[in-house]
Amino acid sequence: MNIRSIWQKRKSIIVTWLMSYCAVLFVPILISLIVYSQSSAALRSEIHRANDALLKQVGYTIDNQVDEMKRLTMELTWNARLQTLMYSSRSEADAQFDAYQLVKEFQTYQTSYASIDEFYVTWEREHAVLRSGNVRDMKTAFATLHDTGQLSYDDWLAKVENSEHNQFTLLPLTDAGDSQTSIAYITHLPKDLNGRQAGTVVVMTDLARFQDAIKSISGFSGGYVLILNRNNEVLLSNLPKKQGEEAVLEKVRSGGEQMPASMKSGDSEIFYLQSFVSDLKYALVIPSSIYWQKAEYVRKLTLVSILISLMGAGVLTWFFMRRNYSPIQQLVQSLSDKNNEEEFAEWNELNFIQRAVSRTRSEKDKIAMQLQMHQTVLRSNMLSRLLKGRMDSPIPYEEAFKTYRMEQISDQYAVILFVVENDESLYEKLPGIDENERRKFLQFIISNVVEELAGRYHHAGYVAEVDDMMVCLVNLNDAAEGDTLYKQDLFEIATEAQRFLKRYDMDLTVAISGRHNTLAGIAAAYSEAVDAMEYKMVLGKKGIIAYEDILSNRADEVQFGYYYPLQAEQQLINLIKIGDFEQASSFMNDITDRNFRQPMMNVTLAKCFMFNLVGTMVKAMNELGDGKGSVLNDNPNWMNSILACDTVQEMQQELHALLHDVCAFATVRLESNVTQERADSIRDLSARVAAYIEENYSDSNMNVNTIGEHFDLKGSYLSKLFKTQTGEGLLDYLHKYRIQKAKHRMTQHQESVSEVSRTVGYNDAATFIRVFKKYEGITPGKYKEMN
């Protein structure tokens, strides 16, 4: 055996089996590793649980202190005297008196919040600081509170005035001459009407209060605690520099908002917790060595079990592999051709046997597929020639029908034409396939569905693609000789095809020809179906258009024009110029409906009429322009959008969209001329209407019309004015006010739903329940149970 034969044996099945048996050896190894992993995970989980509980306890204690700081800040921010001082334009003497009263009131806060070491409010207008019991200028306040040498006056001003809103930071604090560090919560008051900063609330707590909370955890297994603000700046830490504080902080800061509850950092485990009452973050750092001390025994036991498994399984693998290979070797020798050395180029016994068995079958299937493909192409080509009236076939069509297994059940023919209106969106749902294959796939679906439906109605249907449309040649059966019967069958086939293919998100427009005799009449049937398909511009897409319906309609009435006189065009232009979109849209719809009331309007006339409407829009926009054609400039592609429409309905939609923009432009110009006096009058009227409703809401006869009569106005007009001012209509306002009063009575009085409904102006309890549920989302009875 030379080196070449050994190299060829590398792909032999014996090598594959050897690899498979070796893979089996990994099962006990994998089980041991799983046991080891689960044991380690269990130990880790218990340690995580204990440390997590400690961290949550620390967080709870600190959160209580932080909550005190936030509540004090909230009370200071919304203090009525503080609001008056900061945002009123009172004289300096009055302001100083208000400040004096305010700092006296601060003494009450200092007594109520004993755990708060210091708080003050900066007064930007007077450049002063308001403390409990006194008012000091900025520099004096800094010297009293923060001048410990750790922070300059300018740095303090920058921190207080330029820090983020609701920010935690560190500030030095002097206490009876002794300097200490505190955590400060800085909140900016809202700006005044001139946009200037009004002031800042600063609440401080000594770090010693927070340090007491972490003493219980710092001695547990060498753990350390860090407290960080929203910018991941360290506010408090007992982690020494030698323990890698910077590395831990870098790991925490890189986590951002998606920080996990625990993670690995070097030789330490980091536990992470977000405060429940603030944007503070707590981190607990534990050395990793505490995990593996308890897992060392499990690790050694796992290694010993793996070694024993390898030694025992190796002997068994070699024995069974040699025993099972002998029959395969004999079978290969009996099937191999010793004269063909290429057979052994890819040496694998099972692959060799499989190729020998399937080679003949694959060649047979390939030949059959090629014949089927050729037959499909030839049949489609034959149908295309027949539909276009090319009767000069070298082979008689009767013989061609038999060749392609197309049964001729009669000499009566009709054509059904299908156009897929959303083929581009369908192609997007078939990624990874080229456009030609996607097209064939859609054709395959339509062909199978339509041909099966034709057979279900006892006709013969044959589908082919002609001029980017799917054409079904229907050979009608002898039983469909009556005009009504065959029309009904063709319509049912088209309807069911549309309904079924809609499941595949296909939107189809279908055209149906009349019935014709002999093969020569097929071309006429195809021509009729094409003519009928053109009328989708008038009738719209996704419908079923029968040629005989179009033909009979055109015979009933010959159209020489359409209705759109000059006075109607001028009226539409006037409506556009006053910005009345509703009336203009309604008028345009009336004109369109009047012209298309007869469903089979001539296609050419339909195009002329729609382009006449386009001309009206151009005239109106030119009259509205400011000399520069601003409306046209804002809609540079509107004409192209209208010309690209396939149907009258689509052109109407584009025209209405443009009409909305033009009327909006006209409305803006008109509204700019409304006087301030009219605006004040509407505001006063709305206030009087609201007061009238609140006084008479219990009157069950009150509605929009009665309110309008009270104010000598039409109810709908008054409601429109009211909505313009308040944002909601009269009826909505009345219902909401009644529901508000009903809720108050249900919570304050022991009354039934019927009694409450009559009290607030509803005679019918069912109406009250329906209105209540509309605005509150629940029934009155459920509301009473909840309150």
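**Two loop residues and two helix pairs**

With a relative accessibility of 70%, Asp-712 counts as exposed. This residue belongs to a predicted model, and its place there is the loop that links α25 (704-710) to α26 (715-726). Its backbone stands out a little: Asp-712 is not a glycine, yet its phi is positive, at about 60 degrees.

His-458 tells a similar kind of story. Here phi is near 65 degrees, again a positive value in a residue other than glycine. The loop in question runs between α13 (435-456) and β13 (460-466). His-458 is exposed too, because its relative accessible area is 61%, and the cut-off for that label is over 50%.

Stepping back, the whole protein contains 30 helices and 17 strands. Of its 787 residues, 42% are buried. The surface it exposes comes to about 44,200 Å², with carbon and sulfur atoms supplying 52% of that area. As for how the chain meets itself, take the contacts with a separation of 6 or more: 63% of them join residues 24 or more positions apart.

Two helix pairs are worth a look in detail. In one pair, helix α3 (residues 80-87) packs against helix α4 (residues 92-112) at an angle of about 150 degrees, and their axes are 10 Å apart. Angles over 145 degrees count as roughly antiparallel, so that is the label for α3 and α4. The crossing of α3 past α4 is left-handed. On the α3 side, the contact is built from Arg-81, Leu-82, Thr-84 and Leu-85, while α4 brings in Ala-95, Asp-98, Ala-99, Gln-101, Leu-102 and Glu-105. Sorted by class, the residues of this contact are 5 nonpolar, 2 polar and 3 charged.

The other pair is arranged at another angle. Helix α5 (residues 138-145) and helix α6 (residues 153-162) have axes that come within 11 Å and cross at roughly 100 degrees. An angle from 65 to 115 degrees counts as roughly perpendicular, and α5 and α6 are therefore described that way. Where they meet, α5 offers Met-138, Lys-139 and Phe-142, and α6 offers Tyr-153, Trp-156, Leu-157 and Glu-161. The contact of α5 with α6 has 5 nonpolar residues and 2 charged ones, with no polar residues.

Note on methods
Residues are numbered from 1 along each chain as its sequence is written. This is a predicted model: local features need pLDDT of at least 70, side-chain atom pairs count only at pLDDT 80 or more; totals for chains, interfaces and linings use all residues. Side-chain values use heavy atoms; hydrogens and water are left out. Axes are lines fitted to C-alpha atoms, for helices over the stretch in contact, and angles run from 0 to 180 degrees between N-to-C directions. Helices (H or I, at least four residues) and strands (E, at least two) are DSSP runs, numbered from the N terminus. Angles under 35 degrees count as roughly parallel, over 145 as roughly antiparallel, 65 to 115 as roughly perpendicular and the rest as oblique. Contact means heavy atoms within 4.5 Å. Ala, Val, Leu, Ile, Met, Phe, Trp, Tyr, Cys and Pro count as nonpolar, Asp, Glu, Lys and Arg as charged, and the others, Gly among them, as polar. A crossing is left-handed if the near helix is turned anticlockwise from the far one by less than a right angle, and right-handed if clockwise. Buried means under 20% relative accessible area, exposed over 50%, partly exposed in between (1.4 Å probe, protein chains only). Accessible areas come from the Shrake-Rupley method with a 1.4 Å probe; for residues, only the protein chains shown count as cover.
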